[in-house]
Every structure is written in C-alpha cells, then in structure tokens.
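Subject: Structure handover

Hello,

Please find the structure we spoke about below. My notes on it follow.

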Amino acid sequence: MAGTLLAGSSLCLFQSCVEARAVSTKPSRIEQVRLGFGLDLEGKVSPGCTASSFGVHDPIHLSLKIGETPPGSLIRVSVRDTVTRRIAWSQEKTVPAVHSYVTFEIGRDLAEGRYRAESILGDETASTRDFLVHTWNGNTH
C-alpha cells in the first residue's frame with residue numbers, strides 16, 4: 001500500500017516538472033513553453049518550478065523558447081479569464097535572437113480564477129496554457 005502511495009506521489013511530482021511543448025497544426029516557432037513560479041539563473045522558468053496551479057499572490061512566470069523567427073519579431077502574451085473571456089494581463093516583447101528564451105513576469109496580482117495564457121508570435125496564436133489561481137491551502141505546486 002505504501003509503495004502504491006509513493007508511486008502515485010512520484011507520478012504527480014513528475015507531471016509538474018515535465019516541460020510542456022506547444023501543439024499546433026502549423027509549424028510552431030515556439031519550441032518550448034514553461035509556466036511556473038520560479039526562475040533559474042538564466043531568467044527562465046526552471047523545469048523543477050513548473051506549475052498549473054498557483055496560490056493568490058504567488059509569482060507567475062511564462063518562459064518561451066523561440067525557434068526560427070525573422071529579426072525584430074514581436075511576441076505577445078495575454079492572460080485571459082476563461083469564464084469572462086476578459087484579458088486580465090498582457091505584455092509584448094521583441095524576440096532577441098533565434099533559439100532564445102523570452103520570459104514574461106505575469107506577476108502576483110491575479111484574482112482567484114481560471115486563466116489561459118495565450119502566446120501570439122507575429123500574427124498567429126502559437127501556444128496556450130490554462131492555469132488556476134486559488135486561495136492558498138498549504139499544498140505544494
């Protein structure tokens with residue numbers, strides 16, 4: 001019984017640390033997406049700090065690894081409330097170089113609710129990530 005519980009806990013932990021990949025019918029120029037609460041020394045979401053659930057006032061970051069793009073391309077991330085469909089947060093950045101990371105600090109100010117982070121590179125939606133902001137109950141990410 002204890003072995004089964006431990007295996008189940010390990011599976012849950014493994015899922016939170018898996019790197020998410022963008023899924024699209026077109027070739028995506030976003031090669032990797034990480035949504036999480038902590039950054040590594042290079043300023044991108046650390047694989048061990050990925051999450052899809054955050055406590056109110058937790059830091060929320062989104063890192064995107066960008067592939068082949070024209071110089072000066074813009075990437076925009078909007079966080080939309082999935083119930084009201086209103087944009088709760090949005091920011092745009094210039095992609096610095098081919099095969100580089102761009103990190104967005106969504107912040108700590110989102111109210112409780114269900115959200116979708118939409119990444120738009122150029123004129124097409126390149127990735128989406130759903131996440132939850134809730135009242136902290138002491139559980140880990």
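Two strands are said to pair if DSSP finds at least two bridges between them. An example of residues facing each other in this way is Ser63, which stands opposite Thr103 in β6. Please keep in mind that this is a predicted model.

Overall make-up

The chain has one helix and eight strands. Read from the N terminus, the order of elements is α-β-β-β-β-β-β-β-β. The chain has 141 residues, of which 38% count as buried. If one takes the contacts between residues at least 6 apart in sequence, 58% of them join residues at least 24 apart. The accessible surface of the chain is about 8400 Å², and carbon and sulfur atoms account for 55% of that.

The five-stranded sheet

Five strands form an open sheet in the order β2-β8-β7-β4-β5, and the pairing is mixed. Because β2 and β5 stand at the edges with a single partner strand each, one side of each is left without a neighbour in the sheet. On average, neighbouring strands of this sheet are turned by 25° against each other, direction ignored.

At the β2 edge, the pairing with β8 is parallel and runs over three bridges. Within this part of the sheet, Phe54 stands opposite Val133 in β8. As general background, strands of a sheet pair through backbone hydrogen bonds, either parallel or antiparallel.

β3 and its partners

β3 pairs with β1 in the antiparallel sense over six bridges. Leu35 has Leu62 in β3 as its bridge partner. β3 also pairs with β6, again in the antiparallel sense, over seven bridges. The Ser63 and Thr103 positions given at the start are opposite each other, with Thr103 in β6. β3 is mostly covered, with six of its seven residues buried.

The nonpolar core

Which residues have the most contacts inside the largest nonpolar core? They are Leu64, Ile75 and Phe131, in a core of 24 residues. Two or more residues each come from β1 (30-36), β3, β4, β6 (100-107), β7 (113-121) and β8 (124-134). The element that gives the most is β3, with four residues.

Ile75 can be looked at on its own. Leaving out residues up to four places away in sequence, Ile75 touches a list of residues that includes Ile30, Leu64, Ile66, Val102, Phe104, Ile120 and Leu121. Gln91, Glu92 and Lys93 are also among the residues that Ile75 touches.

Two loop residues with positive phi

His57 is in the loop between β2 (53-55) and β3 (60-66). Its phi is near 75°, a positive value in a residue other than glycine. Is His57 buried or exposed? The relative accessible area of His57 is 55%, and the cut-off for exposed is over 50%, so His57 counts as exposed.

Arg85 is in the loop between β4 (74-81) and β5 (87-94). Arg85 is not a glycine either, yet has a positive phi of about 65°. With a relative accessible area of 52%, Arg85 is exposed as well.

Regards

Notes. Residues numbered from 1 in each chain as written. Predicted model: local features only at pLDDT ≥ 70, side-chain atom pairs only at ≥ 80, totals over all residues. Heavy atoms only, no water. Buried < 20%, exposed > 50% of the residue type's maximum accessible area, 1.4 Å probe, protein only. Core = buried A, V, L, I, M, F, W, Y, C linked by side-chain atoms within 4.5 Å. Contact = heavy atoms within 4.5 Å. Axes fitted to C-alpha atoms, helices over the stretch in contact; angles between N-to-C directions. Areas by Shrake-Rupley, 256 points an atom, 1.4 Å probe, with all protein chains shown as cover.
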